Amino acid sequence: MSSSDFVSQVAPIKAADPCGALLQRCRTLVEDHELNHVKQWKAANPGAFVMGHMPIYAPRALVEAQGGLAVAVFGGGEEVDIIRGDSYFQSYICHIPRSTIELGLGGQLDVLDGMMFPSICDVIRNLGGMWKILFPNKYSAYVDLPQNFAQGIGGKFYAHELGRIAEEMHKFGAQKLEPEKLRQAMRDENLRRAAIGKLDELRRTEPHRCLASEAYLLVRAGGGLLAKEHAAMIEEFVLAAKKRDTRPRDNVRVVLVGAFCEQAPVDLIRALEKAGCDIVDDDFQLGMRMIEGDLDAEAEDPLLALAMGFIKKGAAVASRYIADEVKGKSLIDKVKASKADGVIFAAASFCDPALLDQPMLEVAMDEAKIPHTSFKYAENTGQFQVIREQAGAFSDAVKLWGQVE
Ligand code: SF4
């Protein structure tokens, strides 16, 4: 599907789509594997530090506080042919590390001064190690996320970890971290979170005004934008979407879970929509939604506040240790809050965190009598027919019988 096809398919019933131009801009940003928009930002901000990170949670506010730009690296998607990347990893792991290596070796990530690798799985740990060896002149940060949620232990540890990364970024050219600048960056992150919250609210209440595939583009497009700029773009979309002349559809409402790191192609999401599913909640681009609540931007110790934001407000997802929380409770709460009819488990092939969590979540869904189905994908999946038929059968079954056996 071409970009122009995409825009025409979301066109409303009558007048020109008030969101069309904005969606087109987002699609262009999402498809910008050469990171040209980041190069432009760097040219306009000489000397500023650009920090890439794997596309899950990373402390983006820290980078902005040091005068830099955080850039989520979402892999190569369908467009990047893997030639060298395959020789660095076994065949039985997910696709994103290979395409990330391919982008790195191909020079598409040269604009990045560093990369952050949050500790969510062994694959990312290994990728972080390889990055250090392959790109010795760039900064490479392994972000050791806390497993203990007490402020005096996990909070202190993670604040120390953030302080270490700030110091190291400074040695590689970022500005020195200053408390007030960190507070401002956290305020900006709160603005982004609030804007994404409005977008998600619109999807839940009026899914015909904002398709999941559109929300996907809007949130992902901000992976290489400053938080404030991204927030403004989403706010603009929400205002425009409310003016769309569209009708509700007779679709089932689903929550999609498991797609938090390697991203599904946007056309796969369109295939689910065409199969009769309104995806009213999901964990795509989890990094942008990971913190469920405002960061305490007025705290006396903003570094500790940034750490405690992850510890106290981090979403209960497969990529994060959940301590005493009950497995599946958070997903059931999500289903209830979004008035969903069912759950689609959609995980990247060989994604350990998602696929280890899934059986436990399926048991929890069974016990709560919430219908569910599952499939796997890769970022370069090109054929969606089987998934579309499966989602169509699921949607019909939920409509007819409510519960799928
Ligand atoms: S897709 Fe899953 S296994 Fe692969 S790097 Fe991401 S979190 Fe790790």
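Trainee: Let's start with S87: is this residue buried or exposed?
Mentor: Count the company that S87 keeps: 9 other C-beta atoms lie within 10 Å. With C-beta atoms placed from the backbone, a residue with 20 or more others within 10 Å is buried, one with 12 or fewer is exposed, and one in between is partly exposed. So S87 is exposed.

Trainee: What kind of model are we looking at?
Mentor: Residues are numbered from 1 along each chain as its sequence is written. Local features need pLDDT of at least 70, side-chain atom pairs count only at pLDDT 80 or more, totals for chains, interfaces and linings use all residues, and the model is predicted.

Trainee: Where does S87 lie?
Mentor: Helices (H or I, at least four residues) and strands (E, at least two) are DSSP runs numbered from the N terminus. On that scheme, S87 is in the loop between strand 2 and helix 5.

Trainee: How far apart are the C-alpha atoms of S87 and S99?
Mentor: Along the chain, S87 and S99 are 12 residues apart. In space, their C-alpha atoms are separated by 11 Å.

Trainee: In strand 2, which residue is the bridge partner of G52?
Mentor: Strand 1 (residues 50-53) runs parallel to strand 2 (residues 69-72), and four bridges join them. Strands pair if DSSP finds at least two bridges between them. For G52, the partner in strand 2 is V71.

Trainee: Which residues of strand 2 point the opposite way from L69 and V71?
Mentor: Strand 2 has residues facing two ways, and all are buried. L69 and V71 take one side. On the other side you'll find A70 and A72.

Trainee: Which helix sits in the β-α-β unit with strand 1 and strand 2?
Mentor: The unit is right-handed, meaning that with the strands pointing away from you, the path from the first strand over the helix to the second runs clockwise. The helix in it spans residues 60-65 and is helix 4.

Trainee: Which residues does P59 touch, leaving out those up to four places away in sequence?
Mentor: P59 is in the loop between strand 1 and helix 4, and it counts as buried because it has 28 C-beta neighbours inside 10 Å. Contact means that two C-beta atoms, placed from the backbone, lie within 7 Å. P59 and L162 are 103 residues apart in sequence, yet 8.0 Å apart in space, C-alpha to C-alpha. The residues that P59 touches are L162 and L306.

Trainee: Which helix gives the largest share of the largest nonpolar core?
Mentor: That core has 127 residues, and V71, V254, L306, A307 and V343 touch the most other members. A nonpolar core is a set of buried Ala, Val, Leu, Ile, Met, Phe, Trp, Tyr and Cys residues joined through C-beta atoms within 7 Å. Eight residues of it, the largest share, come from helix 13.

Trainee: In strand 4, which residue stands opposite G114?
Mentor: Strand 3 (residues 114-118) and strand 4 pair in the parallel sense over five bridges. Strand 4 (residues 139-143) is mostly covered, with four of its five residues buried. Opposite G114 stands Y139.

Trainee: Through which helix does the chain cross from strand 3 to strand 4?
Mentor: This is a β-α-β crossover, and it is right-handed. The helix on the way covers residues 122-134, and that's helix 6.

Trainee: Why is strand 6 called largely enclosed by the rest of the structure?
Mentor: Strand 6 (residues 277-282) pairs in the parallel sense with strand 5 (residues 252-257) over five bridges. One bridge puts V255 across from D281. Strand 6 is called largely enclosed because its buried residues number six of the six.

Trainee: How many charged residues are in the shell around the ligand?
Mentor: The shell has 13 residues, and C94, C121, C261, E262 and C351 come nearest; a residue is near if its C-beta atom, placed from the backbone, lies within 6 Å. Ala, Val, Leu, Ile, Met, Phe, Trp, Tyr, Cys and Pro count as nonpolar, Asp, Glu, Lys and Arg as charged, and the others, Gly among them, as polar. By class, the shell has 11 nonpolar residues and no polar ones, while the charged residues number two.

Trainee: What is the phi of F350 near?
Mentor: F350 lies in the loop between strand 7 (342-348) and helix 15. F350 is partly exposed because it has 17 other C-beta atoms within 10 Å. Most residues other than glycine have a negative phi. F350 has a positive value, near 70 degrees.
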